[in-house]
Amino acid sequence: MDRFEQELKDALKREPAPEWFADAVMARVSAERQRKQKPVWSGWARMRWVAASVVVVAVVGGVRFEQQRQERFRGEQAKQELMAAFQVTGMKLREVEERVLPVIHRGEE
Amino acid sequence: MGAGQMAEVMASAGWRTTAREDAGFAAIVREHQSMVYSIAWNFFRNRALAEEIAQDVFLALFRNLGGIESPGHLEAWLRRTASNRCIDAWRKKGHKEEIPMEGLPEPSGGMKMGDPILRETLRKMVASLPEQQRMVMVLKYTEDMDPDEIAGMLGMPVRTVWSHLRRGVGMLREKLGRVMES
């Protein structure tokens, strides 16, 4: 290394960073850490929350759907039982009518 | 935490865990801040840009601590990342931003070797070199790296590094000779 290169080396020698430099870096590191600690908004955690929400909505929706299906079934059953009761009542009334009407007619004669 | 404690941090088996803690990472920053800052400062000759790039390099280190294998690897990683970020930032700015030469006096005749004004003139001349050649000069004369190491770090053939050095030094010598004669 000749004199010129030594001069170049002296001109480009390392300089100390500003005194506050490490503190500034640590402030950015701290901000980075806080950003990473937000679980709801971070990658995998957010995916887990979305998946869990989908499962909860599916389960609640499924249970509600089943309840409504059973209610509809019970309603249909009650309706059929009522219709059957009406039919039985109608038949009994016709039987009574068939027995009573001839007696009434005979009395009039 | 001093340099000795820092060496202990790095030597201990769980150094990566320690490095992730505030005190451990701050020790790493203090140990290497002069190297990272000086690479950026000698490349840009702009304090604001040098500080910004050096901070970015350490933040990138914090994010990549898991990939650092040893103290030697840490130092080489910081040097390589600082060099690449300087070149990238220079290219991103499209050479449009003027580099302020803070407090630079005008060169005048009668300067001799060792003169502070002459050294500042030299720094200004280095800052005017093309970005790759400038980074080769910074790594050689600031970091005292040999051409093989520089070639490996910047991903260029060794003969290209030699060529940058020969031409760079030749050009600076010629320009400075003219300034000193005037």
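Hi everyone, this is a short walk through a few spots in the structure above. Please keep in mind that we are looking at a predicted model.

Let's begin on chain A. Helix H3 of chain A covers residues 43–108, and Ile104(A) sits within that helix. How exposed is Ile104(A)? Its relative accessibility is 41%, so Ile104(A) counts as partly exposed. Ile104(A) also has company at the surface: together with Val96(A), Val100(A) and Leu101(A), it makes a nonpolar patch of about 300 Å².

Now over to chain B, and to a tryptophan. Trp77(B) belongs to helix H5, which runs through residues 71–92 of chain B. Is Trp77(B) buried or exposed? Trp77(B) is classed as buried, because its relative accessibility is 13% and the cut-off for buried is under 20%.

So what does Trp77(B) touch, once we set aside residues up to four places away in sequence? The answer is Val57(B), Ala60(B), Leu61(B), Asn64(B) and Ile68(B). You can also try finding Gly67(B), which is ten residues from Trp77(B) in sequence; their C-alpha atoms are 9.9 Å apart.

Let's stay on chain B for the last stop, the largest pocket. Its volume is about 170 Å³. Which elements give two or more residues to the lining of this pocket? They are helix H4, residues 47–63, and helix H5, both of chain B. If you'd like to pick out the lining yourself, look for Leu49(B), Glu52(B), Ile53(B) and Asp56(B), and then Arg85(B), Asp88(B), Ala89(B), Lys92(B) and Lys93(B). Helix H5 thus appears twice in our tour: it holds Trp77(B), and it helps to line the largest pocket.

Thanks for listening!

Note on methods
Residues are numbered from 1 along each chain as its sequence is written. Chains are lettered from A and ligands numbered from 1 in the order in which they are written. This is a predicted model: local features need pLDDT of at least 70, side-chain atom pairs count only at pLDDT 80 or more; totals for chains, interfaces and linings use all residues. Side-chain values use heavy atoms; hydrogens and water are left out. Patches are made of residues with over 30% relative accessible area and no salt bridge: like charges are joined within 9 Å, nonpolar side chains (Val, Leu, Ile, Met, Phe, Trp, Tyr) within 5 Å. Accessible areas come from the Shrake-Rupley method with a 1.4 Å probe; for residues, only the protein chains shown count as cover. A salt bridge is a side-chain nitrogen of Lys or Arg within 4 Å of a carboxyl oxygen of Asp or Glu. Helices (H or I, at least four residues) and strands (E, at least two) are DSSP runs, numbered from the N terminus. Buried means under 20% relative accessible area, exposed over 50%, partly exposed in between (1.4 Å probe, protein chains only). Contact means heavy atoms within 4.5 Å. On a 1 Å grid over the protein atoms alone, a cavity is a set of points where a 1.4 Å probe fits but cannot get out, and a pocket is an open set with protein on both sides within 12 Å along at least five of seven lines; lining residues have an atom within 4 Å of a point. Grid points are joined across faces, edges and corners, and a volume is the space filled by probe spheres set on the points.
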